[in-house]
Amino acid sequence: MKRHPFEPARLITGLTALGVGGAYGLEAAGAWDLPGAVPVLAVPAGLCLSGITAAVWGAVRRRRASATQG
C-alpha cells in the first residue's frame with residue numbers, strides 16, 4: 001500500500017470534530033453541562049485553524065520542493 005503524505009490540516013479538522021462530538025456525547029449522557037455557544041464556536045474556530053495550517057503547510061512544501069530542485 002502506498003503511503004499517504006502527512007496532512008496536518010486534516011488532523012486538526014478531525015480532532016476538532018472528535019472533540020465536539022465527544023462534548024455532545026458527554027452532555028447527552030449527563031456527565032457534563034456544556035454551554036450552548038461552545039460547540040457552535042468551536043467548529044468554525046477549528047476550521048479556520050485548519051485552513052491556516054493548510055496554507056502554511058502548502059507554502060512549506062512548495063518552498064522545500066523548490067529548494068531541492070535547484
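1. Let's start with a word you'll need: a residue is called buried when its relative accessible area is under 20%. Keep in mind that what you're looking at is a predicted model. By that cut-off, 16% of the chain's 70 residues count as buried.

2. Now the overall build. You'll find two helices in the chain and zero strands. The C-alpha trace spans about 60 × 30 × 10 Å along its principal axes. For a compact globule of 70 residues you'd expect a radius of gyration near 11 Å, but this chain comes out at 17 Å.

3. What about the surface? The chain exposes about 5500 Å², and 67% of that is supplied by carbon and sulfur atoms. One spot to find on screen is a nonpolar patch formed by Phe6, Leu11, Leu15 and Leu18. Together, these residues have about 440 Å² of accessible area.

4. Take a member of that patch, Leu11, which has its place in helix H1. Leu11 counts as partly exposed because its relative accessibility is 44%, and the partly exposed class lies between 20% and 50%.

5. Stay in helix H1 and look for Thr16. Is Thr16 buried or exposed? Thr16 has 19% relative accessibility, so it counts as buried; the cut-off is under 20%. Leaving aside neighbours within four places in sequence, Thr16 is in contact with Ala42, Val43 and Gly46. Try picking out those three partners in the viewer.

6. Next, Leu26, also worth a click. Helix H1 covers residues 8-29, and Leu26 sits in it. With a relative accessible area of 42%, Leu26 is partly exposed. Which residues does Leu26 touch, once neighbours within four places in sequence are left aside? Leu26 is in contact with Ala31 and Trp32.

7. Last, the charges. Side chains of opposite charge can pair when their charged atoms come close. How many salt bridges does the structure hold? The count is one, and the partners are Arg10 and Glu7. Their closest N and O atoms are 3.0 Å apart, and the cut-off for a salt bridge is 4 Å.

8. A quick check on how open those two partners are. Arg10 has a relative accessible area of 64%, so it is exposed, the cut-off for that label being over 50%. Glu7 has 33%, so Glu7 is partly exposed.

Note on methods
Residues numbered from 1 in each chain as written. Predicted model: local features only at pLDDT ≥ 70, side-chain atom pairs only at ≥ 80, totals over all residues. Heavy atoms only, no water. Helix = DSSP H or I, 4+ residues; strand = E, 2+ residues; numbered from the N terminus. Buried < 20%, exposed > 50% of the residue type's maximum accessible area, 1.4 Å probe, protein only. Contact = heavy atoms within 4.5 Å. Rg over C-alpha atoms; globule rule 2.2 N^0.38 Å. Areas by Shrake-Rupley, 256 points an atom, 1.4 Å probe, with all protein chains shown as cover. Patch = residues over 30% accessible without salt bridge, like charges linked within 9 Å, V, L, I, M, F, W, Y side chains within 5 Å. Salt bridge = Lys/Arg side-chain N within 4 Å of Asp/Glu carboxyl O.
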